[in-house]
Amino acid sequence: MPDPDLVLWNASIIDCRAPHPVEVMQITVRGGRIVDVGAMEGSPPPDAIDLGGRFVLPGLIDAHIHLADDPKMLEAAALPKPLQGEEPRPRELVYFALANAARAFLRAGITSIRDVGCYDDNAIVLREAIRLGLTEGPRILACGRIISATAPGGRIFNTMYEEADGPWEMRSCVRKQLRRGADYIKVMAGGARSVDRENPEPAQLTREEMDALVDEAHRLGLRVAAHAEGLGAVRVAVEAGVDTIEHGLSLHRAPDLLDHMARHGIVLVPTLSTFHDVGERFADLFAPRLVEQAKRQREEAYRTLKAAHSAGVTLAMGFDSGPPGADALELVRMVDGGLSAHEGLTAATSGSARALGLTDAGSIEGGNVADLVVLNSNPLVDIKTVMRPDEIWTVVSAGRMVFGPPTHSAARGESIATGV
Ligand SMILES: [Zn+2]
């Protein structure tokens, strides 16, 4: 047996399987995967990294993020603001900003992301750059273009969308995304709250169109994520058998649909942060009607979080906001909204893994990809720990330490938790 890549010694493991840290554990990583997790035995192997009882979580997974080159979302990762009279900028500079974003996700412990729509196939380009080792970043699942009916949003979102009408165009559009390099399909089941001339309540696609899209995607082995806000949109998507509902804020009004989702394993990605964005943070950037609508929707989204949780629907963390690396704010909001810290962490790890269809991520078990976050303090005591950069001791991505640990604490080798 070759030497392990990494042995983490004296870890307190927190994942979906126990509501408390499991202490004095060792995690062995080989070939980028976890090969063994067990109680510490004897003395540490020579190259083991002593965590001193620190808390190890599975890497966090953001199930709803847009790798759009939007300076207000990218913040520090974005290109500097252009000055008047300055040399026109080559479009390709955007890829450097996206590489900044990729690093920011990883350093914050976001080891996988699902891009739910961006311009010009940015997410596919970034995914390939990471795969080829040109830049570091999280595991990326990309949808290619968002499939939408002919709709006002198509004029606003340009190359983020591909419009199609009728069942056969839906099937063709699914095939085009696969050809483009998509890992899964994203569809607008209904209108978007961020588009003035769209009504988010009714379905935009007919049942026939949605059935054709889901049938084509599933037949080709692709999962389907449906943007659905109002009940008409949610119903057509859920009944057609999509895999995830994005936003889904009106679901608290339809217990039958929540039961159906729980029974069929359809994951809800509540994206609470987006309603805070349109309703508060970026209120001056949106049409007043949309700001008022977002405030109402925020109330509904929190109500739906609770109703979905009580109905046993699997929840996933989707930030749908920025800047990259601040994603765990969504997890904190889910806890503010009524989940326990452990339930929130479960949503952000195993729940999100289910949303993405990943069977080798989201928990700290043998066989899974070694995506891990090591925290100084226990996030089950204070969930905000997950969003404080100074609390992150190190991040492991596919078995490789992304940074750290800080040398002074690495050498200390003493326990900061009970147990040893
Ligand atoms: Zn979104």
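So, the second largest cavity: its volume is about 30 Å³. Keep in mind that we're looking at a predicted model here. What lines this second largest cavity? You've got Leu57 and Leu60, then Ala108 and Gly109, and further along the chain Val373, Leu375, Val386 and Ile392. Sort that lining by class and you get 7 nonpolar residues, 1 polar and no charged ones.

How many cavities of 30 Å³ or more does the structure hold? There are 2. The largest cavity has about 40 Å³ of space in it. Its lining includes Pro58, Gly59 and Ile61, plus Thr111. From later in the chain come Ala361, Gly362, Ser363, Val369 and Asp371. The class split for the largest cavity is 4 nonpolar, 4 polar and 1 charged, whereas the second largest, as I said, has no charged residues in its lining.

A quick word on how one finds such things: rolling a probe the size of a water molecule over the atoms shows where empty space is left.

Okay, on to pockets. The largest pocket holds about 700 Å³ of space. It takes 35 residues to line that pocket, and if you want to find its centre on the screen, look for His66, Met73, Phe157, Ser194 and Asp320, which lie nearest to it. Which elements give two or more residues to the lining? On the helix side, we have H1 (71-74), H2 (94-107), H4 (153-157) and H9 (272-281). Two strands do so as well, E6 (60-65) and E11 (185-188). As for classes, the pocket lining counts 21 nonpolar, 8 polar and 6 charged residues.

Now some helix packing. Two packed helices are described by the angle between their axes and the distance between the axes. Let's start with H5, residues 167-180, and H6, residues 207-219: their angle is about 30°, and the axes are 8 Å apart. Since angles under 35 degrees count as roughly parallel, H5 and H6 are therefore roughly parallel to each other. Their crossing is right-handed. Who makes the contact? From H5 it's Pro167, Met170, Arg171, Val174 and Arg175. From H6 there's a longish string of names: Glu208, Glu209, Ala212, Leu213, Asp215, Glu216, Ala217 and Arg219. That contact splits into 6 nonpolar residues, no polar and 7 charged.

The other pair is H8, residues 255-264, with H10, residues 288-311. Here the angle is about 50° and the axes sit 9 Å apart, which makes H8 oblique to H10. This crossing is right-handed too. H8 brings Leu258, Asp259 and Ala262 to the contact, and H10 brings Ala307, Ala308 and Ala311. By class, that's 5 nonpolar, no polar and 1 charged.

Last, a few backbone details. Where do we find cis peptide bonds? One runs from Gly322 to Pro323, with omega near 0°. Pro323 sits in the loop between H10 and helix H11 (328-336). Another cis bond goes from Gly404 to Pro405, and there omega is near 5°. You'll find Pro405 in the loop between strand E17 (400-403) and helix H13 (407-410).

And back towards the start of the chain, take a look at Asn10 in strand E1, residues 6-13. What is phi of Asn10 near? It's near 60°, a positive value in a residue other than glycine.

Terms used
Residues are numbered from 1 along each chain as its sequence is written. This is a predicted model: local features need pLDDT of at least 70, side-chain atom pairs count only at pLDDT 80 or more; totals for chains, interfaces and linings use all residues. Side-chain values use heavy atoms; hydrogens and water are left out. Axes are lines fitted to C-alpha atoms, for helices over the stretch in contact, and angles run from 0 to 180 degrees between N-to-C directions. Helices (H or I, at least four residues) and strands (E, at least two) are DSSP runs, numbered from the N terminus. Angles under 35 degrees count as roughly parallel, over 145 as roughly antiparallel, 65 to 115 as roughly perpendicular and the rest as oblique. A crossing is left-handed if the near helix is turned anticlockwise from the far one by less than a right angle, and right-handed if clockwise. Contact means heavy atoms within 4.5 Å. Ala, Val, Leu, Ile, Met, Phe, Trp, Tyr, Cys and Pro count as nonpolar, Asp, Glu, Lys and Arg as charged, and the others, Gly among them, as polar. On a 1 Å grid over the protein atoms alone, a cavity is a set of points where a 1.4 Å probe fits but cannot get out, and a pocket is an open set with protein on both sides within 12 Å along at least five of seven lines; lining residues have an atom within 4 Å of a point. Grid points are joined across faces, edges and corners, and a volume is the space filled by probe spheres set on the points.
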